[in-house]
Amino acid sequence: MHQDADELEELISPDRIRARVRELGDEISRDYEGRPLVVVGILKGAFIFMADLVRHIRGPLVVDFVRLASYGSGTRSTGEVHITKDIEVDVEDRDVLVVEDIVDTGTTLRYLEEVLKLHKPRSVRICCLIDKKERRETDVSVHYVGFDVPRGFLVGYGLDFDEHYRHLPGIYRLRPGYHPEGFRPSEK
Ligand code: 5GP
Ligand code: MG
Ligand code: MG
């Protein structure tokens, strides 16, 4: 089993994730009180979180996805963000909830917020699974946070390292310098 591999240290168990995702869904359901929502997941990292979260949101909603690229191969950010798949539903005058895996420097979400605003939504809020607050370089307001994690490169529950580990049920810290296919990239 991957989760027992010595390159991985479990930080958040599947049970804790389940409980927290349910709480977030309840909170979001209360805040929007049945107002229709457009839930926009950021691919690929948020795909599992998004799938679990929307099943705990009561009230009408539609889902959509964007794909943004900010990280190249490895654990280091390039600092550049671009859209590789845009939203497809019309968000004008609608309440948008962006679902993201991790907010780190904030660059990615800042960029997405700017792009979304061009579509004139009624409101935009952000829900992230993991917030690395200490590493923020750009001001973004995140309304719903699953877990605060100060440091480390995390994988599992949708989060990858070079496309590996997304399928793992919990969230794990990856040992610095380790690569699942053998080569060792520089550490973050
Ligand atoms: P930001 O633009 O906020 O610096 O970067 C956010 C993106 O970088 C996240 O959406 C995520 O895709 C990626 N990222 C940041 N930290 C981690 C991490 O610990 N693990 C993984 N797998 N991705 C991360
Ligand atoms: Mg992401
Ligand atoms: Mg990634």
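**Core, sheets and ligand shell of the predicted model**

The largest nonpolar core contains 42 residues. Within this core, the residues with the most contacts are Phe49, Leu97, Val98, Val99, Cys127 and Val155. The structure is a predicted model. Val98 may be taken as an example from this group. Leaving aside residues up to four places away in sequence, Val98 touches Val40, Ile42, Leu112, Val124, Ile126 and Cys127. In soluble globular proteins, nonpolar side chains tend to be buried together. Over the chain as a whole, which has 188 residues, buried residues make up 29%.

The confidence scores are as follows. The chain has a mean pLDDT of 90, and 89% of its residues reach 70 or more. The model has an ipTM of 0.96 and a pTM of 0.91. Where pLDDT is low, the predicted coordinates should not be read in detail.

The chain is made up of 3 helices and 9 strands, besides the segments that link them. Along the sequence these elements follow the pattern β-α-β-α-β-β-β-α-β-β-β-β. Among contacts in the chain with a separation of 6 or more, 67% are between residues 24 or more positions apart.

One open sheet has 3 strands in the order 1-9-8, and their pairing is antiparallel. Strand 1 (8–12) and strand 8 are the edge strands of this sheet, each pairing on one side only. Strand 1 and strand 9 (residues 171–174) run antiparallel and are joined by 4 bridges. Ile12 has Ile171, in strand 9, as its bridge partner. Strands of a sheet pair through backbone hydrogen bonds, either parallel or antiparallel.

A parallel pairing is found between strand 2 and strand 5, which are joined by 5 bridges. Val38 stands opposite Val96 of strand 5. Strand 2 (residues 37–43) is mostly covered, with 6 of its 7 residues buried.

Phe65 lies in strand 3. Phe65 counts as partly exposed because it has 19 C-beta neighbours inside 10 Å, whereas a buried residue needs 20 or more. Apart from residues up to four places away in sequence, Phe65 touches Val40, Gly41, Leu43 and Lys85. Val40 is also touched by Val98. Phe65 and Thr84 are 19 residues apart in sequence, and their C-alpha atoms are 11 Å apart in space.

Pro176 is placed in the segment after strand 9. With 14 C-beta neighbours inside 10 Å, Pro176 also counts as partly exposed. Pro176 and Cys128 are 48 residues apart along the chain, and 24 Å separates their C-alpha atoms.

Ligand 1 is surrounded by 19 residues, of which the closest are Asp104, Thr105, Thr107, Thr108 and Leu159. By residue class, the shell around ligand 1 divides into 8 nonpolar, 7 polar and 4 charged residues. At least two residues of this shell come from each of strand 3 (61–71), strand 5 (95–103), helix 3 (107–117) and strand 8 (154–155). Strand 5 gives the most, with 4 residues. Strand 5 thus appears in two settings: strand 5 contributes to the shell around ligand 1, and strand 5 is joined to strand 2 by bridges. Strand 8 likewise supplies residues to the shell and is an edge strand of the open sheet.

Key
Residues are numbered from 1 along each chain as its sequence is written. Chains are lettered from A and ligands numbered from 1 in the order in which they are written. This is a predicted model: local features need pLDDT of at least 70, side-chain atom pairs count only at pLDDT 80 or more; totals for chains, interfaces and linings use all residues. A nonpolar core is a set of buried Ala, Val, Leu, Ile, Met, Phe, Trp, Tyr and Cys residues joined through C-beta atoms within 7 Å. A residue is buried if 20 or more other C-beta atoms lie within 10 Å of its own, exposed if 12 or fewer, and partly exposed in between; C-beta atoms are placed from the backbone. Two residues are in contact if their C-beta atoms, placed from the backbone, lie within 7 Å. A residue is near a molecule or strand if its C-beta atom, placed from the backbone, lies within 6 Å of it. Ala, Val, Leu, Ile, Met, Phe, Trp, Tyr, Cys and Pro count as nonpolar, Asp, Glu, Lys and Arg as charged, and the others, Gly among them, as polar. Two strands pair if DSSP finds at least two bridges between them. pLDDT is the predictor's confidence in each residue, from 0 to 100.
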